[in-house]
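Q: I would like to learn how to read a protein model step by step. Could you take me through some of its features, giving the general idea before each case?

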Amino acid sequence: MVLIGCVSATAQHSSVVQITGMVRDSVSRDPIPYVSVSVPGTDFGVMTTEHGGFNINTREIVKSLRVSAVGYQTKVIPIRQGQTVAVIDLSPSSVSLGEVVVKKGKVKYSKKNNPAVELARKLIDRRSLNDPRRNPFYSYDKYERMMFGVNDVGNEDDKKSLLKKHPSLAQYVDTSMLTGKCVLPLSVKEKTSRELFRSSPSSHKELVTAIKSDGLDEAFDQASIKRFLDDVFREVDIAGNDVTMLTNRFVSPLSTMGISFYKYFLNDTIDIDGEKCIELSFVPFTPESFGFLGCIYVPLNDSTLFIKRVKLNVPHRINLNYVERVHIIQDFVKAPDGSRLKTHDNLEVEFRILKGTPGLFAKRDTYYSNHSFDTPDDAEIFANANEQIILPSADDKPEEYWIAARPADYGNSRSKVTKMLVNFRKSKLFFWGEKAVTALINGYIPTSTGVSKWDFGPLNTTISGNSLEGVRLRLGGMSTVGLSRHWFTRAYVAYGTRDERLKYMGRLEYSFNEKKNLDQEFPIHSIALTHKYDVDKLGQNYLYTNADNVFLALRRQKDDKMLYLRTTELKYTLETPQHFMASLAFVHNIHETSPFLSFDRADGTSCRRYYQAGFKATLRYAPHETFYQTRSYRIPINMDAPILTLTQTYMPKGFCGSDFEVNITEAAVQKRFWFSAFGYTDIILKGAKIWSRVAYPDLLIPNANLSYTIQPESFALMNAMEFMNDQYLSWDMTYWGNGVLLNRLPLIKKLKWREVFSFRGLWGSLSDKNDPLKQNDLFVFPSNALCMPMGKKPYMEIGAGLDNILTVLRVDYVWRLNYRDTPGINRSGIRIQMHFTF
């Protein structure tokens, strides 16, 4: 027997119906989780939470609710507007499904002799048989529309709603047909393309024929935004073991491990497009884990077990940040050969960054048509090295093209966004507020309210400090495509209040490719001349930020391992669309002493500077790499792709006044390994060898992190210049558990913390030819650096931490495993990192 209490239906402004309720057993009074609650005659439905509650927001006309639960008879409950439904008794099912044993009103799940599990096993076994990609060729047309906006802005009758406070926004509002909530669009993106597949050799290409974008994000790099959105909102395919979405891996309900990860239930049949279908619902055993709750619909009398529809949601208690709800509906039709052809894919995600702030809404609607198994007319497209090919005219399509391309009536949402922004920007408060937010995100201030030709920045380097310079003041900037799409410049000047020296950098670059937004946008094909005079921090290399970032100013020890370096570089760089990069540079360096580091020889002689000149060649290959392009750096969107790097530096002695021969070979490889919903491991391996005799600044000095922040590819407890090597091997391994352990701990799991473990080390040595104690003509190691060759044991440190604290904070405790008796070192400590992730 089931009690449905506190169920109410109210018609809001714009005919939005809200229904909330609770499903529980009338005998035990226990909530019944994961019960199917649907609106008869429509495709709309939800499942109750693990606490038996449900919440429906829909524009559909709701006259009744259909409630079905395993072990109970399905009941259709009449709903009248404004009525609160009282107790409704449901008789126990007269048909024993075998999978349920009822004891004192509680439902005990069993996989043995469970027809739902048997159906799931058959679907898993047959998942690839209906895959249209098994054919020699397969192709289809695709229309995709993505919309982002402010969610649930309410209506003019709600005193607390955004529309009540700003009624002029009503003309721009859209409504989600799935949730029934009013949404204020801020960005709309459309794309048409042709997807082509070949089974042997396996190949997939997307030919983008048209692309369009409008909204608040138009001030940012659109190529980077596209890469980010394509990665975060990947197309869901439940036929695989994993579903990649929101930068995480979810276990597919048809995964080979699905039987151990999910509970499966058989509900009553449901009518879909006039065809009776079996409803197979599923929920993860652990609601906090990365899995789905949803339903798969299979036609009742279909012996091939064709999947007609899929509905997916995420559990309310899932360890996923900022996401309140996810709704996915996919519809399929059956081809003559039994292939499963997707016709429509609807994804809606409701976000909220902070409680009490307006929610955000993202919707991707995709329509598929013109499915074909014929050999494509443009079969030579498979010879193209790029997986995605964008036609040159893709962003120049007229509005008439889009009117004809849209398969459904979306109204004028795009023009709404454009019109809204035009009106908003007439307000000085909005205009300058938008400029300020853009400057903070980009890190640069434009010099014009229109098309800027020069931007000042980065802002986070304006003021910083270190032991050599004291307070460091810096002013810099870069040219933009507003000045030229081929010629670019960068420059800065910096001044230290302690050393009272002026530092500077100037860079002139010619791009053989015409740039759309940034000088460093992918792919690069350029030649650049750079001249720079600045401090050189030995053994400190920051990968994704500037060394003079103000947030790195707080350090765990004195930062005095610095020289001055004057360098001139002429560099040619070529990147291919396949993410292969080759560069060749001529480099001339002048290393100068500082009050902290000198160039003294064992024979008693010394010098203030030494010279070196030569060439540096780099090869880098990162297939399928995705990144977000900032003004100066490329921040990985994910690290799934392997990255291989090989670098050779050669500076002959006597060439252009070189005092030493420098011959260094370096190699690195990194890769992320996923363990489905149970997290992933990032592994970075590096090695290098010096073949010549060099001065100590050119030795292989491990990358030490002197800040209290967590920095990638660096050692948290090693001192700068602590170890001096001319050959080494290093490893950096980090496991991110995504809550695989903490999700199972009572109370702790409510905090949604995630575990993270790290292990990094370095094994190196210093040969006699580069040991100043054995070579009198080499510069001796500075006494204040406490440099030493590495012994027979590698340096190692481990860390254990909690990630996702307040959704943005990672705190690690790190231990140094050996070389613990070295003077001035930290044996352990706490390190922190701020980062945003789903």
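A: What follows is a conversation about a predicted model, moving from the whole protein to single residues.

Q: Where should I start, and how many helices and strands does the protein have?

A: Start with an inventory of the regular elements, which here comes to seven helices and 47 strands. Then look at burial and at contacts along the chain: buried residues make up 53% of the 838 residues, and, among contacts with a separation of 6 or more, 62% are between residues 24 or more positions apart.

Q: What should I look for in the interior, and which residues have the most contacts inside the largest nonpolar core?

A: The general idea is that in soluble globular proteins nonpolar side chains tend to be buried together. In this model the largest nonpolar core has 63 residues, and those with the most contacts inside it are Leu123, Phe233, Met245, Phe250, Tyr264 and Phe292. Helix H1, residues 115-125, supplies the largest share of this core, with six residues. There is also a second, separate core of 39 residues, and among its members are Tyr610, Ala688, Ile690 and Met790.

Q: How is empty space found inside a protein, and how many cavities of 30 Å³ or more does the structure hold?

A: Rolling a probe the size of a water molecule over the atoms shows where empty space is left. The structure holds eight cavities of 30 Å³ or more, and the second largest cavity has a volume of about 80 Å³.

Q: Which residues line the second largest cavity, and what is their character?

A: The lining of the second largest cavity includes Asn705, Thr709, Arg760, Asp812 and Arg831, and its residues divide into three nonpolar, four polar and four charged. Strand E46, residues 809-816, gives the most to this lining, with three residues.

Q: How do I read one residue in a loop, and is Ser594 buried or exposed?

A: Find its place, then its accessibility, then its partners. Ser594 lies in the loop between strand E34 (580-592) and strand E35 (599-600). Because its relative accessible area is 9%, under the 20% limit, Ser594 counts as buried. The side chain of Ser594 reaches the backbone oxygen of Met562 at 2.5 Å, and, leaving aside neighbours within four places in sequence, Ser594 is in contact with Leu468, Met562, Leu563 and Tyr564.

Q: Which residues are joined by cis peptide bonds?

A: Here you read the omega angle of the bond. A cis peptide bond joins Gly457 and Pro458, with omega about -5 degrees, and Pro458 is found in the loop between strand E27 (454-456) and strand E28 (463-466). A cis peptide bond also joins Phe522 and Pro523, again with omega about -5 degrees, and Pro523 lies in the loop between strand E31 (502-511) and strand E32 (525-537).

Q: What is the phi angle of Tyr322, and what is that of Leu806?

A: Read the sign of the angle together with the residue type. Tyr322 has a positive phi of about 65 degrees although it is not a glycine, and Tyr322 lies in the loop between strand E21 (309-313) and strand E22 (323-334). Leu806, which is not a glycine either, has a positive phi of about 55 degrees, and its place is in the loop between strand E45 (795-805) and E46.

Q: Are Tyr322 and Leu806 buried or exposed?

A: Tyr322 counts as buried because its relative accessibility is 12%, whereas Leu806, at 72% relative accessibility, counts as exposed.

Methods:
Residues are numbered from 1 along each chain as its sequence is written. This is a predicted model: local features need pLDDT of at least 70, side-chain atom pairs count only at pLDDT 80 or more; totals for chains, interfaces and linings use all residues. Side-chain values use heavy atoms; hydrogens and water are left out. Helices (H or I, at least four residues) and strands (E, at least two) are DSSP runs, numbered from the N terminus. Buried means under 20% relative accessible area, exposed over 50%, partly exposed in between (1.4 Å probe, protein chains only). A polar contact is a pair of N or O atoms within 3.5 Å; within protein, one must be able to donate a hydrogen and the other to accept it, and residues adjacent in sequence count only if both atoms are side-chain atoms. Contact means heavy atoms within 4.5 Å. On a 1 Å grid over the protein atoms alone, a cavity is a set of points where a 1.4 Å probe fits but cannot get out, and a pocket is an open set with protein on both sides within 12 Å along at least five of seven lines; lining residues have an atom within 4 Å of a point. Grid points are joined across faces, edges and corners, and a volume is the space filled by probe spheres set on the points. Ala, Val, Leu, Ile, Met, Phe, Trp, Tyr, Cys and Pro count as nonpolar, Asp, Glu, Lys and Arg as charged, and the others, Gly among them, as polar. A nonpolar core is a set of buried Ala, Val, Leu, Ile, Met, Phe, Trp, Tyr and Cys residues joined through side-chain atoms within 4.5 Å.
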